[in-house]
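Trainee: Could we go through this one together, starting with the empty space inside and then moving on to the packing and the backbone?

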Amino acid sequence: MKKYRVYIFLGILHIFLLWNTTGFAQNAVWQWSVLVKNAKENTGKARAFLWIPPDCKKVKAFLFAQNNMEEQSILENQGFRKEMGKLGIAEVWVSPAYDLLFNFDKGAGETFNNIMNELAQVSGYSELNDVPFVGIGHSAAASNPYYMAAWNPDRALATISVSGQWPYFRHVSFAPDIWGSRNIDYIPCLETMGEYEAADKWSTEGLKEKQAHPLMPLSMLACPAEFHFATSDTKAVYIALYLKKVLQYRMPKNTPGDQAIKLIPVDPTKTGWLVDKWRFDQAPVAEPATVDQYLGDRTQAFWYFDEELANATAAYHARYRNQKAQLIGYVQHGKLLEQRNVHQQFNLRFEPEADGVTFKVHTAFYDTVPGGSPRPMGWAHMPVGLPIGHAISDSPITVDRITGPFVKINDSTFRVHPQKGFYESSHSYELWFSAGHPGNNEYKPAVQQALMTIPPRNTQGKEQHIAFSAISNQRPNKKGIKLKAASDAHVPVGFYVQDGPAEIIGDRLNLTAIPPRSKFPVKVTVIAWQYGNSNEPKLQTAEPVEHVFWINK
């Protein structure tokens, strides 16, 4: 097995060296946006946001996602965007979703075409109308990428289903049977699944589909010590590597500028590598190998493009093998909250500080396996009530934002912060958290999700109104533009950029790099907001005020 250990080492080395900048960007830039027309869901609210790598001269392909949860975390991850810049891949994120399932029998494809046409016009990157797409979706939106590919297989570069479904899985609520005779043969498909959701068992369905559809290049990434709700830097690293391979093997070397790109089909029976499926605390039964030299049970192995991706997969699967589990809970009023047998497991109460928007989230390790939900017992592989240890190290438990209109101040402090993609509705104003600990040589990482629901607006108390001074047109790369706004209730006013190459730090606006083929002038939309206060004296949420200015050459 010496050769296999080398494979693992090379895969881990690749993961650690690939990026020097990682992490979720709370102030991520989306240079353009358009309101979605003919939206099946969230009519008048669904908006499509476009990010093009700042030095991209021509877009080769783009990722397309409708917001559920993890999509934003992946697309706005700084390291992931750095790799997309190298590849020439743009990103489109629709939030809130216009058709989360992509019901192509009800016009989802036509709406998609309209979105891309409008984004091509406003950005100046006309190729967005024609270049290949990669659908990506999480959980309830995880079948969405397969439906996109089935709708337009000639343009579908690949599919990425995060914590989700297999291509031919059917469910009346989130995977309707509308395919007819369509298939997605020769189109690479990646499905990811965390250990703390269903990675050990969920491969069974995928392997059945792989046998039933032998011309479908189906890959699975099992994610030890990861769960359903939040992405990790390492998973984003892997997805970026997968996309690199997609371009390498699917894109023709030379295509005349006036001709449509004809994607190269991938035949998994003749090319690629096989890797044994992940099993909890078990080593693989065979080494990764090419499809014609693999010595293991082929019915228990998934397909991968080449040796590098196969080795990276094996390395990922080997992480934390035979290490102990540790469990995290959430604390309010000095006590661990009760686990609940619901999706989120914890319901946190919104208890803001005096300003009405800042709040604390605290966590602690469990000393015994808790009840209330079967999940901790399954994660620990121990019955309820038994003592359970945890890592003792200098690394604290950290809490991070998964999705929702709020920002992280430090490891225990957060603040309500309206932002792009989240409008005033009960669903948009769900704040999702991920508590995590990195573990050590004895204990593997721990993760735990939680949900806090806050009112979309404060409706009681004194009214307030915002006065927001207009912003003059600017030249590219201007820094430190002062934003001037005030509430007649004499409370601080916040800001966010809805669209445009700009970011806000405090009350200062900095213009960021503009992609070289951008259509000028470039629009920047800035929103001023004040959430109000549910504490005494109560203060109503102000109507947000929007200002637009233009960047001229």
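Trainee: What classes of residue make up the lining of the largest cavity?

Mentor: Bearing in mind that this is a predicted model, the lining of the largest cavity has 8 nonpolar, 2 polar and 4 charged residues. The volume of that cavity is about 90 Å³, and of its 14 lining residues, Asp276, Lys277, Pro284, His317 and Arg321 lie nearest the centre. Strand E9 (273-276) and helix H8 (307-318) are the elements that give two or more residues to this lining.

Trainee: And how many cavities of 30 Å³ or more are there?

Mentor: The count comes to 4 cavities of that volume. The second largest holds about 60 Å³ of space, and among its 13 lining residues the closest to the centre are Trp278, Asp281, Arg319, Tyr320 and Arg321. By class, the lining of this second cavity divides into 5 nonpolar, 2 polar and 6 charged residues.

Trainee: What about open space, say the second largest pocket: which residues are closest to its centre?

Mentor: Those are Arg415, His417, Gly494, Phe495 and Trp529, out of 37 residues that line the second largest pocket, whose volume is about 800 Å³. At least two lining residues each come from strand E18 (406-408), strand E25 (494-499) and strand E26 (502-505), and the lining as a whole divides into 19 nonpolar, 10 polar and 8 charged residues.

Trainee: Back to E9 for a second: is Trp273 buried or exposed?

Mentor: Trp273, which lies in strand E9, counts as buried because its relative accessibility is 13%, under the 20% cut-off. Its C-alpha atom is separated by 5.1 Å from that of Tyr304, although the two residues are 31 apart along the chain.

Trainee: Switching to helices, at what angle do the axes of H3 and H7 cross?

Mentor: The axes of helix H3 (residues 78-87) and helix H7 (residues 233-250) cross at roughly 10 degrees and come within 9 Å. Because angles under 35 degrees count as roughly parallel, H3 is described as roughly parallel to H7. On the H3 side the contact is made by Phe80, Glu83, Met84 and Leu87, while H7 brings Ala236, Ile239, Ala240, Leu243, Lys244 and Leu247. By class, this contact has 8 nonpolar, no polar and 2 charged residues.

Trainee: Why is H5 described as largely enclosed?

Mentor: Helix H5 (residues 144-151) is largely enclosed by the rest of the structure because 8 of its 8 residues are buried. These buried residues, including Tyr146, Tyr147 and Trp151, pack against strand E3 (61-66), helix H4 (108-123), strand E5 (133-138), strand E6 (156-162) and strand E7 (189-194).

Trainee: Now the backbone: which residues does a cis peptide bond join?

Mentor: One cis bond joins Ser95 and Pro96, with omega at about -10 degrees, and Pro96 lies in the loop between strand E4 (89-95) and H4. The bond from Glu536 to Pro537 is also cis, with omega near -10 degrees, and Pro537 sits in the loop between strand E28 (522-529) and strand E29 (545-551).

Trainee: What is phi at Asn38, and where is that residue found?

Mentor: Phi of Asn38 is near 60 degrees, which is positive in a residue other than glycine, and Asn38 is found in the loop between strand E1 (32-35) and strand E2 (47-51). Asn38 counts as exposed at 62% relative accessibility. His333 likewise has a positive phi, about 55 degrees, without being a glycine; His333 lies in the loop between strand E12 (328-332) and strand E13 (335-336) and is exposed, with a relative accessible area of 61%.

Technical notes. Residues are numbered from 1 along each chain as its sequence is written. This is a predicted model: local features need pLDDT of at least 70, side-chain atom pairs count only at pLDDT 80 or more; totals for chains, interfaces and linings use all residues. Side-chain values use heavy atoms; hydrogens and water are left out. On a 1 Å grid over the protein atoms alone, a cavity is a set of points where a 1.4 Å probe fits but cannot get out, and a pocket is an open set with protein on both sides within 12 Å along at least five of seven lines; lining residues have an atom within 4 Å of a point. Grid points are joined across faces, edges and corners, and a volume is the space filled by probe spheres set on the points. Helices (H or I, at least four residues) and strands (E, at least two) are DSSP runs, numbered from the N terminus. Ala, Val, Leu, Ile, Met, Phe, Trp, Tyr, Cys and Pro count as nonpolar, Asp, Glu, Lys and Arg as charged, and the others, Gly among them, as polar. Axes are lines fitted to C-alpha atoms, for helices over the stretch in contact, and angles run from 0 to 180 degrees between N-to-C directions. Angles under 35 degrees count as roughly parallel, over 145 as roughly antiparallel, 65 to 115 as roughly perpendicular and the rest as oblique. Contact means heavy atoms within 4.5 Å. Buried means under 20% relative accessible area, exposed over 50%, partly exposed in between (1.4 Å probe, protein chains only).
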